[in-house]
Each structure stands twice: as structure tokens, then as C-alpha cells.
Amino acid sequence: MPTTPARQRLRALLGKRELVSAPGVFDGISAHLIKRTGQLAAYMTGSGVAASGFGLPDVGLVTATEMAERARMIVTVLGDIPLIADADTGYGAPLNVVRTVRSYDRAGVAAIQLEDQVLPKRCGHLPGKHVVDAAEFEQKLAAALDTRSDDGLLVVARTDARAPLGLHAAIDRANRYAAAGADIVFVEAPQDVGEIERIATEVDAPLLINQALGGLTPRLSAAQLQQLGYAVAIYPGDLARRATAGMLQALGETNGSDPAAHKCGTPAEFFNLVGLAEWLDIEAKYATTGATAWA
């Protein structure tokens, strides 16, 4: 398919070498508000879609088909405003990544984000993350790059290696993924300003940073991120969490309940409102204790 105006617009924005801020979008009303307030770009947040669209925490429960359909709807609302769309791990092996990229491509997203977590993944600001071997993710990345219909569809490569393997390993992976062809590289969840600065200095690629509300990464101003050389800053939780707080306040006014009893200040607190604890119990119940050999 030919490239789209939204894809051309995102490339043009990045070409200016000015920080592109992308608020998190997850449904029709948030997409319309992105458009009506004149935002330059938007980020389809997997956590927001899971919670708002399906009543689920961000622990790998939403499918590729569900996410692609949500992306299609959001793109329709946004029009020429570019959408950077979370696609988690690609939902399987390189074969699955091919189908995922085809679906997101047809939906009209301007960029697709893939990460190197083990499936099922979990929110980048929750504990207990695991990553696949870097070479395995490079195969997925190659599948994505080969499958896209035009170079206007950017591929964002995210590494979650900081938590399980340390910052040095995360930076090494980021540079590997850039060398493998990723258009933008995303090191998830640096834990202090020094780490944010190291990533900016040591990764040779356009960089995306996640400014997750209440997450592990400190918030910096757009001017600070611009000065460090970051290309994109995403704000995935701002709209969803503040909307949730507003709904809790309204519900409290309806029946006199205390909205403060239901916290949503951190990612874990937000996900607990949609059953995180229960799903983690299910995961633990069926966790394998060792490898099984099959004839």
C-alpha cells in the first residue's frame, strides 16, 4: 500500500529533530480529544486498551486481533495525526509478527512498537519481567521490517532488559536493535536521571522514552528531553488514569463511597482496579516448575 499522510507527517516531525510528545490514547473519546486539542501525535497504549476496552490488566491478555481493531478505530478518528501503536511482543514467533504487522499496517498506524519480553508480557513498570534472547528478538524485528508495506511505517524496538539484566545489557540490546534496522529504539524503565542520560549518550539511534505516570522512570520536562536528544516521549497513562480518578470521584458522589479507597496513582494500583491480583494468582497456580519433554 502507498504511504499515508500520517506516516509522512511523523517522519517530517522526526526530521525536525524536535521532541515529539505523544499522549496515550485508548478509545474513541480519547482519540477525539487528542485531535481537538491539537496534539502532534498519539500513542496507542496497550495498558489503556486492555483496561478500558476489555477490563483487563496489562499482563499479555489482549490479543493481536483485538489490538489491531482498536488501532483501526483510533486511526479513523485521528485522521492525519500519526499514531504510534503498541503491539507488545508481536503476539508470538516471527510468523505471528508477520500477521500482526500486516494487521497494524492495514489499520494505518504510523509506527508499530515491538518489545523483547517473554510472552505473556507485562507492563514495563511492573515487577517480574523476563526477556527473550536478543537474537530471537532480532528475528522478530527482521520479520516486521520485511513485512511492512512501505518504509513510511516506522518500527519501534523496545527492550525491557533494564529490570532483569541491568542497564548495560539494555543499552547493548538497544544498539543491536538499531543496527538490525529499527527506526526508533526504546529502552523501557530507566530508574533515575543518570540512566536516562546514559541511554541518550550511549545509544546510537533515535530514542523514545516512556514518561509513565507514577512509574519507575522520573519525569523530565520536554525541554530537558529535547536537550538530551530524545526523539519521542510517550505519556501512556496520563489520560486513562486521570479519567479513572474522575470516574471514582463521580461514583463517590453518587452513593457516598470514598474514592480514596480505590487508588490509581501507580501502574500496579491502576491494574488492580481491573483484576491484576486475581490474574497473577491464576498465573502462579498454573506456573510450570520445569521443562517437559515431548516425544
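**Exercise 1. Is R7 buried or exposed?**

Solution. Start with the source: this is a predicted model, in which local features need pLDDT of at least 70 and side-chain atom pairs count only at pLDDT 80 or more, while totals for chains, interfaces and linings use all residues. Residues are numbered from 1 along each chain as its sequence is written, and side-chain values use heavy atoms, with hydrogens and water left out.

Step 1. Take the cut-offs: buried means under 20% relative accessible area, exposed over 50%, and partly exposed in between (1.4 Å probe, protein chains only).

Step 2. Apply them: R7 has 1% relative accessibility, so R7 counts as buried.

**Exercise 2. Find the salt-bridge partner of R7 and state where both residues lie.**

Solution. Step 1. A salt bridge is a side-chain nitrogen of Lys or Arg within 4 Å of a carboxyl oxygen of Asp or Glu. R7 forms one with D150, and the closest N and O atoms are 2.7 Å apart.

Step 2. R7 belongs to helix α1 (residues 5-15), whereas D150 sits in the loop between α6 and β5; the pair links distant parts of the chain, 143 residues apart. Helices (H or I, at least four residues) and strands (E, at least two) are DSSP runs, numbered from the N terminus.

Step 3. D150 is buried as well, with a relative accessible area of 13%.

**Exercise 3. Describe how the strands are arranged.**

Solution. Step 1. Two strands pair if DSSP finds at least two bridges between them. Eight strands close into a barrel in the order β1-β2-β3-β4-β5-β6-β7-β8, with parallel pairing.

Step 2. On average, neighbouring strands of this sheet are turned by 25° against each other, direction ignored.

Step 3. Look at individual pairs. β5 (residues 154-159) and β6 (residues 184-187) run parallel and are joined by four bridges; R158 has F186 in β6 as its bridge partner. Three bridges pair β3 and β4 in the parallel sense, and D86 stands opposite Q113 in β4.

**Exercise 4. Give the contacts and angle of helix α6 on the sheet.**

Solution. Step 1. Contact means heavy atoms within 4.5 Å. Helix α6 (residues 134-147) packs on the sheet and touches β4 and β5.

Step 2. The direction of α6 makes about 170° with that of β5. Axes are lines fitted to C-alpha atoms, for helices over the stretch in contact, and angles run from 0 to 180 degrees between N-to-C directions.

**Exercise 5. Explain why β4 is described as largely enclosed.**

Solution. Step 1. Five of the five residues of β4 are buried, so the strand is largely enclosed by the rest of the structure.

Step 2. Sort these residues by face: A111, Q113 and E115 are buried on one side, and I112 and L114 on the other.

Step 3. Follow E115, which counts as buried at 0% relative accessibility. E115 forms a salt bridge with R158, the closest N and O atoms being 3.5 Å apart. E115 lies in strand β4 and R158 in strand β5, so the pair ties together parts that are 43 residues apart in sequence. R158 is buried, with a relative accessible area of 4%.

**Exercise 6. Compare the burial of R148 and D151, then place salt bridges in the whole structure.**

Solution. Step 1. R148 and D151 form a salt bridge, with 3.7 Å between the closest N and O atoms.

Step 2. R148 counts as buried at 13% relative accessibility, whereas D151 counts as exposed at 53%.

Step 3. Salt bridges that share partners join D58, D88, E115, K121, K129, R158, D160 and E188 into one network. The structure holds 20 salt bridges.

**Exercise 7. Describe the surroundings of R173.**

Solution. Step 1. R173 is found in helix α8 (residues 167-179) and is buried, with a relative accessible area of 8%.

Step 2. Leaving out residues up to four places away in sequence, R173 touches D116, V131, V132, D133, A134, T159, A161 and L165.

Step 3. R173 and V185 are twelve residues apart in sequence, and their C-alpha atoms are 9.6 Å apart.

**Exercise 8. List the buried residues of helix α3 and what they pack against.**

Solution. Step 1. In α3 (residues 46-54), the buried residues include G46, S47, G48, V49, A50 and A51.

Step 2. The buried residues of α3 pack against β2 (42-44), α4 (64-78), β3 (83-86) and α12 (267-272).

Step 3. G55 follows α3 and has a positive phi, near 65°.
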